Amino acid sequence: MVAVQTQATQLPLFSEVDEPDEWSGFSVRESSRARRLSIKVFPRGRVEVVVPKRTRAADVQQFVEAHREWIRKTRAAFAAEHPPEPFALPVRIDLPGIERRVCVRYERRDGSTVRYRLRGDTLVLSGATQDEMLCVSALKRWLTALAKKEYEPRLRSLSALTGNGYRKLHVRGQRTCWGSHSSSGTISLNYCLMFLDPAHLRYVLIHELCHARHMNHSQRFWSLVGRHEPRYRKLDSDLNEGWKRIPAWVGIY
């Protein structure tokens, strides 16, 4: 990911998108910590503009137009290095982070929704399965529920081990980070961590728990992380390429 600024208490996620040479849209994210406008281009091509609170839409558009050529070149460079993966609904989902594998079966029925149910190691999607986006939505609901179930006991155990607490756990499919820890004590974790190795999942949990004591990435923070995970430098570096393990159908871009 190419960016001007980083977030102090987020572990960034490097992700991807569509055609690099032509783009018309971008997402805008307000940040209370931002002091100026900045642009992030992700490896799959998504463009995000980070702006201070109460920034005018006209100012955002002008800023993007001024950097249009840089955005085009950056997206093209990413595309040359990382050719886009074609979209396809999965027939099998491998989740190394929790050592789980499921087969996926699609049952088309009347209706305008898609529901999921788990039968042993088979995830069954039923309903309007001819609609790919409805299927993806159902798959993401399953990933969220599964991650919540799998992460909670791991987080509690590591909280006791490290002596660092938290108030609540949220699980989402964040587009920009693997995890975050808010000043109110809420830890948010990305369900895409399940697509990584168990060691990377454990490291992210430790990383976010350590923010309970240090809401920054200071030397004291990293010393605390290293006390509980000596391999943190290698694991943290690995996360830069972790987005490559996320299937295109997940839609993190």
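Let's begin with confidence: in this predicted model, the protein chain has a mean pLDDT of 86, with 87% of its residues at 70 or more. Two stretches call for more care. Residues 1–8 have a pLDDT below 50, and the model gives this stretch 32 contacts beyond near neighbours in sequence. Residues 13–22 also stay under 50, with 47 contacts beyond four places in sequence. Where pLDDT is low, the predicted coordinates should not be read in detail.

With that in mind, let's turn to strand S11, which covers residues 186–190. Why can we call S11 largely enclosed by the rest of the structure? Five of its five residues are buried, so the surrounding structure largely encloses the strand. In a regular strand, side chains alternate between the two faces of the sheet. Here, Thr-186, Ser-188 and Asn-190 lie on one side of S11, while Ile-187 and Leu-189 lie on the other, and both faces are covered.

Which strands pair with S11? One of them is S9, residues 168–172, which runs parallel to S11 and is joined to it by five bridges. Within this pairing, Leu-169 sits opposite Ile-187 of S11. Another is S10, residues 177–181, which runs antiparallel to S11 and is joined to it by three bridges. Here His-181 has Ile-187 of S11 as its bridge partner. Ile-187 is thus a handy residue to centre your view on: Leu-169 stands opposite it, and His-181 is its bridge partner from S10.

Finally, follow the chain from S10 into S11. These strands form a hairpin with four residues between them, and Gly-185 takes a positive phi near 95°.

How values were computed: Residues numbered from 1 in each chain as written. Predicted model: local features only at pLDDT ≥ 70, side-chain atom pairs only at ≥ 80, totals over all residues. Heavy atoms only, no water. pLDDT = per-residue confidence, 0-100. Contact = heavy atoms within 4.5 Å. Buried < 20%, exposed > 50% of the residue type's maximum accessible area, 1.4 Å probe, protein only. Helix = DSSP H or I, 4+ residues; strand = E, 2+ residues; numbered from the N terminus. Pairing = 2+ DSSP bridges.
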